[in-house]
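Biologist: Before I accept any label on this model, I would like to hear the reasoning behind it. Shall we go through the labels in turn?

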Amino acid sequence: MTKSIEEIRDEFIEKIGLLMQSDGLPRTAGRVMGALVWEGSPVAFCDLATELQVSRGSISTATRALIDRRMIRRVTKPGDRQDYFQLAEKSYETMVEDLSLKFHRRSEELYATLDGVPECEPEIRERVRAYSETLESVAKKIGELVKEMV
């Protein structure tokens, strides 16, 4: 049986919600992002709440989180008092840049662990150093990808 475009849309929005939840954002923020990616044009605040079947408070929290991460932006329409939201310029690049920073921070945390590992434990020090360097290498490669996207 072939799925309707509405079913495909709903599945897409849920997938984005779960993906972003795994990255530490509220699931509703991911669902808002998914709806905005799917729509492509500004969506009214109240329409997001209705379409996603969540409270206005949840939409407010979700949109603030996405604005803070520079993934979406608030827009207005002349003569309309309602807020609208749409993808921010370069929102995809911002997501990739944030991923690079996440790997860099993880690498720094592991490097800091080396200070506590005694010199008389070279095998442990080497494994921790190698793990940290791997994460830093990933961060750099992702950073290069961001530069290519710009």
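Biologist: Why is Val96 called buried?

Modeller: The model is a predicted one, and the label comes from a cut-off. Buried means under 20% relative accessible area. Val96 has a relative accessible area of 17%, so Val96 is buried. The residue lies in helix α5.

Biologist: What makes up the surroundings of Val96, leaving aside its neighbours within four places in sequence?

Modeller: Contact requires heavy atoms within 4.5 Å. With those sequence neighbours left out, Val96 is in contact with Ile142, Leu145, Val146 and Met149. Ile142 and Val146 are among the buried residues of α6. As for Thr76, 20 residues from Val96 along the chain, the two C-alpha atoms are separated by 27 Å.

Biologist: Which other residues of α5 are buried, and what do they pack against?

Modeller: Besides Val96, the buried residues of α5 include Ser91, Glu93, Thr94, Ser100, Phe103, Ser107 and Leu114. The elements that the buried residues of α5 pack against are α2, β3 (80-87) and α6 (122-149). From the other side, the buried residues of α6 pack against α5.

Biologist: How do you know what span to expect of α5?

Modeller: The expected span is 1.5 Å times one less than the number of residues. For α5, with 24 residues, 34 Å is expected, and the helix reaches 36 Å from its first C-alpha to its last, which is close. α6 has 28 residues and reaches 40 Å, against an expected 40 Å. α2, with 13 residues, reaches 18 Å, and 18 Å is expected.

Biologist: Thr28 is in α2. Why does Thr28 count as buried or exposed?

Modeller: The cut-off is again 20%. Thr28 has 17% relative accessibility, so Thr28 counts as buried. Sequence neighbours within four places aside, Thr28 is in contact with Val54, Ser58, Ile59 and Ala62. The buried residues of α2 also include Ala29, Gly30, Arg31, Val32, Met33, Gly34, Ala35 and Leu36. After α2 comes Gly40, with a positive phi near 85°.

Biologist: Turning to the strands, how do you know that β2 and β3 pair?

Modeller: Pairing takes at least two bridges between two strands. β2 (residues 72-77) and β3 are joined by 5 bridges and run antiparallel, so they meet the definition of a pair. In this pairing, Arg73 has Gln86 as its bridge partner in β3, and Arg74 has Phe85. The two strands form a hairpin with 2 residues between them, and Gly79 in the turn has a positive phi of about 80°.

Biologist: And what makes β1 and β3 a pair?

Modeller: There are 2 bridges between β1 and β3, in the antiparallel sense. Since at least two are required, the count is enough to call them paired. Val43 stands opposite Phe85 in β3.

Biologist: Why are β1 and β2 called edge strands?

Modeller: The sheet is open, with 3 strands in the order β1-β3-β2 and antiparallel pairing. β1 (43-44) and β2 each have a single partner strand, so one side of each lacks a neighbour in the sheet.

Biologist: Last, the largest pocket. What volume does the largest pocket have, and which residues are closest to its centre?

Modeller: The volume is about 350 Å³. The lining has 17 residues, and Met20, Asp23, Arg69, Met71 and Met95 are the closest to the centre.

Biologist: Which helices supply the lining of the largest pocket with at least two residues each?

Modeller: α1 (5-22), α2 (27-39) and α5 (91-114) each do so. α5 gives the most, with 7 residues.

Biologist: How do the residues of the lining divide into nonpolar, polar and charged?

Modeller: There are 12 nonpolar and 5 charged residues, and no polar ones. Met counts as nonpolar, while Asp and Arg count as charged. By that rule, Met20, Met71 and Met95 are nonpolar, and Asp23 and Arg69 are charged.

Conventions:
Residues numbered from 1 in each chain as written. Predicted model: local features only at pLDDT ≥ 70, side-chain atom pairs only at ≥ 80, totals over all residues. Heavy atoms only, no water. 1 Å grid on protein atoms, 1.4 Å probe; cavity = no way out; pocket = protein on both sides within 12 Å on 5 of 7 lines; lining within 4 Å. Points joined across faces, edges and corners; volume = space filled by probe spheres on them. Helix = DSSP H or I, 4+ residues; strand = E, 2+ residues; numbered from the N terminus. Buried < 20%, exposed > 50% of the residue type's maximum accessible area, 1.4 Å probe, protein only.
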